[in-house]
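Reader: Could you take me through one part of this model up close? I'd like to hear about a sheet and the core that goes with the same stretch of chain.

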Amino acid sequence: MPGIPDDRNFSSPEGVTVWNDRVFVANANFAYQGAQLLYGTGFVTVIDRTDATVVNVIPLPFENPQEMVVHGDRLWVLCSGVTAWDSENSIVVSKTSGGLAGIDLAAVDTADGPISTIPIPTTEGSLVGYPSGIAISGNEAWIASGTTAALFMVDLDSGEVIRGAADPVFLAE
């Protein structure tokens, strides 16, 4: 299951965003292999909302795309990475890092990938990770950790993670 499925335009759809006459659907592209959840290449499906046809499928460089935000001239796709169950401590922890993928809105019908990528590194086994919610203000993306009460901050202009998993904004102890 490494790539995008050849036989369909959707695979484990998650977030949906509308911009002008386009509908964007984030596809996590996961499947169960026994008790294990495996992720293929995540992607965004671009739909023409005037006639409900799929016009493009755009692969993403990070696992598990969840949410999208249109900001300026880009569609920002937040990919959460993957989590694991820590049975010893009875908590969900980060397994792989996530990231932000910026897709040029002027080229969504023909794009074959994002024009900018911003990894959001996490440490495997850490409680602080799994970027899963996004809000953008000015040039800053505020991203919520899905595994603990913390926020990350990314400068979208420079592509720099200002407050990441190693130094998040904690919202509670």
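Author: Here is a walk through one sheet, then the nonpolar cores, then two loop residues.

Some ground rules before the details. This is a predicted model, where local features need pLDDT of at least 70 and side-chain atom pairs count only at pLDDT 80 or more, while totals for chains, interfaces and linings use all residues. Residues are numbered from 1 along each chain as its sequence is written, and side-chain values use heavy atoms, with hydrogens and water left out.

The sheet is an open one of four strands, ordered S7-S8-S11-S12 and paired antiparallel. Strands here are DSSP runs (E, at least two residues) numbered from the N terminus, and two of them pair if DSSP finds at least two bridges between them. At the edges sit S7 (65-71) and S12 (116-120), each pairing on one side only. On average, neighbouring strands are turned by 20° against each other, direction ignored; the axes behind that angle are lines fitted to C-alpha atoms, and angles run from 0 to 180 degrees between N-to-C directions. Zoom in on S11 (residues 98-104) and you'll find five bridges joining it to S12, antiparallel. Alanine 101, for instance, has threonine 117 in S12 as its bridge partner.

Now for the largest nonpolar core, which has 16 residues. A nonpolar core is a set of buried Ala, Val, Leu, Ile, Met, Phe, Trp, Tyr and Cys residues joined through side-chain atoms within 4.5 Å, and buried means under 20% relative accessible area, exposed over 50%, partly exposed in between (1.4 Å probe, protein chains only). Phe24, Val44, Leu60, Met68, Leu75, Val77 and Ile103 touch the most other members. S2 (22-27), S5, S8 (74-79) and S11 each supply at least two residues, with S8 giving the largest share, three. Take valine 77: setting aside neighbours within four places in sequence, its contacts (heavy atoms within 4.5 Å) include Val44, Leu60, Met68, Ala101 and Ile103. There's also a second, separate core of 14 residues, with Ala141, Ile143, Val154 and Leu156 among them.

Finally, two loop residues with unusual backbones to check on your screen. Alanine 52 has a positive phi of about 60° although it is not a glycine, and you'll find alanine 52 in the loop between S5 (43-48) and S6 (53-59). Alanine 52 counts as exposed because its relative accessibility is 64%. Serine 90, also not a glycine, has a positive phi of about 55° and lies in the loop between S9 (83-86) and S10 (91-94). With 49% relative accessibility, serine 90 counts as partly exposed.
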